[in-house]
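Hi,

Here is the structure I said I would pass on to you. Have a look at it first, and then read my notes underneath.

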Amino acid sequence: MLERIKLKIAGLISLLWREVAKFGVVGGIAFIIDSGIYVWLLHGPMSDSQVKAKIIAGIVATMFSWVANRYWTFRHRRQANVLRELVMFIIMNAIGLGIAAACVWVTKYWLGLTDPTSVFIAGSVVGLVLGTIFRFFAYRFWVFGKEMDQEEKFAHDHEILDKNRADTGTGTMESTAQADTGTLPTVVR
C-alpha cells in the first residue's frame with residue numbers, strides 16, 4: 001500500500017511540476033506588481049481606503065497574470081475561444097481577489113488592526129497565499145481546460161497514475177480506457 005501511495009505521489013508530481021514552476025514564476029512577478037502598487041497606494045493616494053487599494057492592485061496584477069499564464073504557463077492548454085477563457089479567468093481571479101480583500105477586511109474591521117503593515121500582511125501575504133492556491137487549481141481545471149497530452153513532453157505523465165491502477169487491479173474499465181488513450185476525461189461544460 002505504501003508503494004502504491006509513493007507511485008501516485010510521483011505521478012502527481014510528474015503531472016504538475018512543470019506547470020507549478022511556471023505558475024510560481026508568474027505568481028512571483030504578479031506578487032511584485034500587486035505589492036508594489038498596493039504599498040504605493042497605501043502610502044499615497046489611497047491611504048484611507050485599504051480595501052479599495054488592494055482591489056486596484058489586484059486588478060493590475062491579474063491582467064499581467066492572464067497574459068503570462070495564457071502565453072507561457074498554460075500555453076499548451078489555452079482555449080481557442082479567447083473571450084470565454086478571459087471571462088473564466090476574470091471570474092476565478094475575482095474570487096481570488098475577493099479572498100485577499102476579505103483578509104484585509106477581517107484584519108481592519110474584525111481585528112481592529114489598521115496600520116499599513118498589518119493590512120499589507122493580511123492582503124499581500126495571507127490573502128495572496130490562499131488566493132494563489134485557489135487560482136492554480138481554477139486555472140488548470142477550468143480556465144485553461146484543454147488536455148495536456150497534445151504536447152509531446154506531457155504525453156506520458158498520466159501513464160504513471162494509470163499504470164498503478166492497472167498493476168494493482170484497482171482500476172475500473174473507464175480508467176483502463178483512459179490509460180490506453182493517454183488522455184484525461186473531458187469536462188462537459
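**What I found**

Counting nitrogen–oxygen pairs within 4 Å, I get one salt bridge. Keep in mind that this is a predicted model.

The partners in that salt bridge are aspartate 34 and lysine 54, and their closest N and O atoms sit 2.8 Å apart. In general, side chains of opposite charge can pair when their charged atoms come close. Aspartate 34 belongs to helix 1 and lysine 54 to helix 2 (residues 50-73), so the pair ties together parts that are 20 residues apart in sequence. Are these two buried or exposed? Both aspartate 34 and lysine 54 turn out to be buried.

Next to aspartate 34 in the numbering is isoleucine 33, which is also in helix 1. Isoleucine 33 counts as partly exposed because its relative accessibility is 24%, and "partly exposed" covers the range between 20% and 50%. Which residues does it touch, if you skip the neighbours within four places in sequence? Isoleucine 33 is in contact with Val60, Ala61 and Phe64. Take valine 60: it is 27 residues from isoleucine 33 in sequence, yet their C-alpha atoms are 7.6 Å apart in space.

Now for the inside. The largest nonpolar core has eleven residues: Leu16, Phe23, Trp66, Phe74, Met88, Phe89, Met92, Phe136, Ala138, Tyr139 and Val143. Helix 1, helix 3 and helix 4 (116-143) each bring at least two residues to this core, and helix 4 gives the most, with four. Apart from this core there is another one, made of eight residues, including Tyr38, Leu41, Val104 and Val119.

On the outside, look at the start of the chain. Met1, Leu2, Ile5, Ile9, Ile13 and Trp17 form a nonpolar patch on the surface, and together they have about 700 Å² of accessible area. Leucine 2, one of these, is part of helix 1 (residues 2-42). Why does leucine 2 count as exposed? Because its relative accessibility is 64%, and the cut-off for exposed is over 50%.

Last, a word on confidence. The average pLDDT for the chain is 74, and 71% of the residues score at least 70. Among the elements, helix 3 (residues 82-110) has the highest mean pLDDT, 86, while helix 6 (residues 173-181) has the lowest, 40. Over residues 170-189 the pLDDT stays under 50, and the model has 23 contacts beyond four places in sequence for that stretch.

Cheers

Conventions. Residues are numbered from 1 along each chain as its sequence is written. This is a predicted model: local features need pLDDT of at least 70, side-chain atom pairs count only at pLDDT 80 or more; totals for chains, interfaces and linings use all residues. Side-chain values use heavy atoms; hydrogens and water are left out. Patches are made of residues with over 30% relative accessible area and no salt bridge: like charges are joined within 9 Å, nonpolar side chains (Val, Leu, Ile, Met, Phe, Trp, Tyr) within 5 Å. Accessible areas come from the Shrake-Rupley method with a 1.4 Å probe; for residues, only the protein chains shown count as cover. A salt bridge is a side-chain nitrogen of Lys or Arg within 4 Å of a carboxyl oxygen of Asp or Glu. Buried means under 20% relative accessible area, exposed over 50%, partly exposed in between (1.4 Å probe, protein chains only). Contact means heavy atoms within 4.5 Å. pLDDT is the predictor's confidence in each residue, from 0 to 100. A nonpolar core is a set of buried Ala, Val, Leu, Ile, Met, Phe, Trp, Tyr and Cys residues joined through side-chain atoms within 4.5 Å.
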